[in-house]
Amino acid sequence: MPHYETEWFDALVVAAGSVIDEDPSISSDEACQKLQAKVPESFAFRQLTGSARRHLNKNLATYTPGRPTRQQFTLAVLACLRLEDRIAPEQDTTSSDENSSENEDNEDSLSLGTRLARSIARAISPVFPQKPNSHSHDLDDPNTQLRAQLTTQCLAAADAGFKILELLASRGPEILDNPDVLLTLIAYTNPAEEWTTPELAARATLILQQHLDSAEKPNSKKQDFITTHILPTYLRPLFSRSSPSQPLITPSGRPSAYGQNPDARPSGLPDDSSKTKPWKFVDLRAVTVFEWTVSEADAETTITKSWPLFIPVLLTLADDNSTSVRRSGLVILRKFLDKFPDRILNETGLNKVFEDTVLPSLSYLPSITPEEESVELLGPAYAVLRRLAGKLSGEKKNKLLDRVVREGILLGYFHAKEYVRIVEVLCRETGEVLVEMGVNAVKHLKDIIPMLSTILTDPFAFLHPPTLLSAIKALQVVLATCWPRIPNSPWQGEIINSLVLCWLNLHASDSSEDTFSAIRQALVYTADALAAVLATEVEEGKPAISLSEFVEPLVAKEPSLSQLFSAASNEEQGLELEC
């Protein structure tokens, strides 16, 4: 059994650390130039691969501070690969001469290049290494110092790591065709993650395109990788110990035929730990990989045929107790619904499963949930429910939207109306939901118009103009969708009163900000819309309702209102509302 000395590589890693200490902001190219003198005059590629893997297993698979960092490791490997003239030629591409105790995951069957690529992928992967006798409870807090250290080291090592992978790919594109390597590359495609950047995300995306998009059969290789590895082999084991708080699906990912069993709900606080949620506390790539999977999955083949593999992960993420994870789950669920066939959604009853999973997110409100987190969560939650309603029809759609209005918008306003940013979101969603409901929204006029009226007439509403503007736009949607029930109703006078008081408050503020100008224009447009709505009410033998008759005494008493009701004095032109 041949044995290769690794002292030179260990010394090279230490030298890389000294270079970084001298100039922490040094680029990987400059660092490699300084390390050239430490690289042996001749070494075998097999020797580099074995030394790198032994060093990785010995030094990086640990939580102990002070060990050589991942950046040092990747710089050492890159410095070696840059000196191609010092790499001795070899014939064999595979070897079984390594110590069997160090061979993992059948590495004997892999080429030397793929082995090195796997080592680099491990070095830059945001994954906590599993070590015997380690304290896993230290990982259970997603905001721990350990997580910050891991992601910081991955980011520092990523540039050199990517350059190594690109060099290896130039030796043979098949070298990177390894699940571990591809999964790590996928983890870098989301620039919002703390371990990557937009530049790294673009490089990762390019490498993935080169290796997963076949010229002969475009997209087939990618879909095969999703269905044969990512979903069943990678994601399913990670999420096997996790389950949503409402057990509405079977272990196979299909809706339960018996519905929800209250006795099956877990009691007490959820077990939020690295043992039950390794995808959250150990392998930080999981959520990003799943989001990429949903985005890249083909609707007609992958999602249609393999949808049961998606459902458990979707529900677990959308039901997680962490706001950031729940938000990510809702965003991913929204993308999934865009591709999920309506027929399967209705035939399987998954619409009810999704509905019951997402609706609780609408109650994540202050003061229990911080306002900032609540705002980030409510938008995606309402977006999912609206998209879900758009895929339904008839009574199913109407019942869902009614629940959204009652259990979401109205209940949310009742509990959090003192939080202006929450009110802004609720007003914006009011308009969006009413558009989906159409004329069926008239049943909610008794609750929605008083809510909007309270917001518009609040003398302090101008302290947060976006909230006021969203309320005005919501009122415009009310007039456009529920116009048949407005004329000669109690809401007619309340709407006029709201517009008048809002205009007077705005006029009293005497502000020339662009936002206030937009509010003035929105109020004028709303008044014009109201005039058009009232003009549609024509009884036999009687003229149409004239808004000018109602507002003329108000304008006489407060001349500034003439600008608000500019259309009311000229109703004979027959202004019509776009409905």
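Here are some worked exercises on the structure above.

This is a predicted model, in which local features need pLDDT of at least 70, side-chain atom pairs count only at pLDDT 80 or more, and totals for chains, interfaces and linings use all residues. Residues are numbered from 1 along each chain as its sequence is written, and side-chain values use heavy atoms, with hydrogens and water left out.

**Exercise 1: the overall picture**

Task: Find how many helices and strands the protein has, and what percentage of its residues is buried.

Solution:
- Start with the elements: the protein has 24 helices and 2 strands. These are DSSP runs numbered from the N terminus (helices: H or I, at least four residues; strands: E, at least two).
- Next, burial: of the 579 residues, 53% are buried. Buried means under 20% relative accessible area, exposed over 50%, and partly exposed in between (1.4 Å probe, protein chains only).
- Last, look at contacts, meaning heavy atoms within 4.5 Å. Among contacts between residues at least 6 apart in sequence, 75% join residues at least 24 apart.

**Exercise 2: two buried helix residues**

Task: Describe the surroundings of Gln 223 and Leu 388.

Solution:
- Locate Gln 223 in helix α9 (residues 220–239). Its relative accessibility is 7%, so Gln 223 counts as buried.
- List its partners: beyond the neighbours within four places in sequence, Gln 223 contacts Glu 296, Ala 297, Asp 298 and Thr 302.
- Add the side-chain link: Gln 223 and Thr 302 share a polar contact of 2.4 Å. A polar contact is a pair of N or O atoms within 3.5 Å; within protein, one must be able to donate a hydrogen and the other to accept it, and residues adjacent in sequence count only if both atoms are side-chain atoms.
- Turn to Leu 388, in helix α16, which is buried at 0% relative accessible area.
- Leaving out residues up to four places away in sequence, Leu 388 touches Leu 337, Leu 345, Asn 351, Phe 354, Glu 355 and Leu 400. The C-alpha atoms of Leu 388 and Asn 351 are 7.1 Å apart, although the two residues are 37 apart along the chain.

**Exercise 3: cysteines**

Task: Find how many disulfides the structure has.

Solution:
- Apply the cut-off: a disulfide is a pair of cysteine sulfur atoms within 2.5 Å.
- Searching the whole structure gives 0 disulfides.
- Check one case: Cys 32 is in no disulfide, and the nearest cysteine sulfur, that of Cys 80, is 9.0 Å away.
- Consider burial too: Cys 32 has a relative accessible area of 3% and is buried, and Cys 427 is buried at 1%.

**Exercise 4: backbone geometry in two loops**

Task: Say which peptide bond is cis at Ser 367, and what is notable about phi of Asn 488.

Solution:
- Recall the background: most residues other than glycine have a negative phi, and most peptide bonds are trans.
- The bond from Pro 366 to Ser 367 is cis, with omega near 10°. Ser 367 lies in the loop between α15 (350–358) and α16.
- Asn 488 has a positive phi, near 60°, in a residue other than glycine. Asn 488 sits in the loop between α20 (465–481) and α21 (490–509), and is exposed at 52% relative accessibility.
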